[in-house]
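Trainee: Could we go through this model together, one question at a time?
Mentor: Gladly; here it is.

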Amino acid sequence: MSRLRTLEDLGAVGGSRVLVRCDFNVPLADGAVADDTRIRAAAPTLSELLDAGATVVACSHLGRPKGKVDERYRLDAVGVRLQDVLGRPVDKLDEITGESVRDAVESAAPGSVVLLENLRFDPREEQDDPGFAAELAAPVTAYVDDAFGAAHRAHASVDAVARLVPSAAGRLMQREVEVLTQIRDDPRRPFVAILGGAKVSDKLGVVNALIDRVDALLIGGAMAFSFLAAQGVEVGRSLVEPDRYDDCRSALDAAKSRAIPLRLPDDVVVAPEATEEAPRETVSIDAIPSGAIGLDVGPATVASFADTVREAGTVFWNGPMGMFEVEAFAEGTRGVAAAVAASAGMTVVGGGDSIAALRRLGLADAVDHLSTGGGASLEFIEGRELPGIAVLMED
Ligand code: ADP
Ligand code: MG
C-alpha cells in the first residue's frame, strides 16, 4: 500500500523555506474577506511549520482571473486576515515568481510568512507548466500541499511543483485523505449516502460509484427530478436534464440489480416561482401540478430519510435538499441536516453549498468532518486518482 507523505517526512524544517499551497479561495465583500473559514483551516499546518522555525511561502488561487492580473482577485485582503489568524507578520507580495519574490523570501525571518500573489494571474498555473513550477520552487527548499479543494486539478502549484523539491501533505490534506479513505474503503455499516444539489450531471459519477459501496442512497434536491422524470413521473417545471435520463435509468437499474435502495422524494414543496412570497404547497410526488416547480423535499421525505440516517454507521452527504438559500425552501435541508447532526455514526459533509447550509443552520459543529473540497471530495469517493494526492504518495 502506498502512503501519503506528511510533514514528518520532511524532517526538521527549522531554517528552511517551505512553499505551502493553501486554499485561500475565499468570498470577498467590499475588499475584505467575507468568510475566513478556509484561512483558519490552513492555520494548523502553517503554525506548525512556523513554530518549527521555517519561513513559509504561502500561495493560493482566488476566483477565476483566467491567466491575467485582475484587481478584484488580488490576495491583499487574504494577507491581512492571515496575519490576524496566525498572529505573525505576513508580507504580501504583488508578484508570484521572479527576482523580487526571491529577494523577499531570502530576507524573510524564520517564523514569518511571505504570501505570493494569486497563482491564476499567470496562465501557466492552470497549464501545469513545468517552467512556472520551477520558478515557484526556486526560492524554497520544500513544498507542502494543504489545498485539498484543488487536489483534483493538475495545476502547476498542485502537481508539477511537487516533483521538484521534497514534498508532503499538510495537516488539512492529511485529515481529508484519512477520513475520505476510510469512508471509501472501510465504512462502518450501514453506510448511507445523501445526495442533492442542482445538477444531476455533476453527480452521476458519484451516484454510480456509491451504488457499489453504500447500503442506501438517498437523493433529494433538483437532481431528484431527473431521476423521477426518467421514470415517467410528471415533475412540472422542476429543474431537469433530459439528456441524462438514460444515465438516471441505468443508475436505477444498477441499484435495483444490487438490491441497494435508491430512494427518491415521496413528497415535495412546489411553487410557481422560487421566491419567498410565492404561494407554495406540499404535494405527493405523483401530484406535481404541471406549472409548478419542485423546490424542496417535503416533510414525509425528511422523516423517512431521517429514519435511515438514524440507523447509519456512516453518513456521507453532498448537496442541499432544496433551494435552501430561499428560506421558504430551506426546511428539507434543515430537517436532513438535523438528522445528520444527530446521527451517532461517522458523519462527513462535503460541498460548498452543503457546508454553507449547515453553517446557516448552526449545525456545522455537530458533524464529524466537513470536507473542504466539493469536486475533490466527490472524485475521491468515486475512487478516481486525484493528481494533487497522487504526487504526494510514496511509491
Ligand atoms: P454543493 O455545493 O454542496 O456541492 P451543489 O452546488 O451541487 O451543492 O448544489 C447546490 C445548489 O442546488 C444550491 O444553490 C441550491 O439552491 C440548488 N438546488 C437544490 N435543490 C434545488 C431545487 N429543487 N431546485 C433548484 N435548485 C436547487
Ligand atoms: Mg455548489
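Trainee: In which loop is the place of Asp 159, and is Asp 159 buried or exposed?
Mentor: The model is predicted, with pLDDT of at least 70 needed for local features and 80 or more for side-chain atom pairs, while totals for chains, interfaces and linings use all residues. Residues are numbered from 1 along each chain as written, chains are lettered from A and ligands numbered from 1 in written order, and side-chain values use heavy atoms without hydrogens or water. Asp 159 sits in the loop between strand S8 (142–145) and strand S9 (167–169), strands being DSSP E runs of at least two residues and helices H or I runs of at least four, numbered from the N terminus. Because its relative accessible area is 8%, and buried means under 20%, exposed over 50% and partly exposed in between (1.4 Å probe, protein chains only), Asp 159 is buried.

Trainee: Which residues is Asp 159 in contact with, leaving aside its neighbours within four places in sequence?
Mentor: Contact means heavy atoms within 4.5 Å. With those sequence neighbours set aside, the partners of Asp 159 are Asp 128, Ala 154, Pro 387 and Val 391.

Trainee: How is Asp 353 classed by relative accessibility?
Mentor: Asp 353 lies in helix H11 (residues 352–360), and is in contact with Pro 320, Phe 324 and Glu 325 once neighbours within four places in sequence are left aside. Its C-alpha atom is separated by 9.2 Å from that of Glu 325, which is 28 residues apart along the chain. Since the relative accessibility is 47%, Asp 353 counts as partly exposed.
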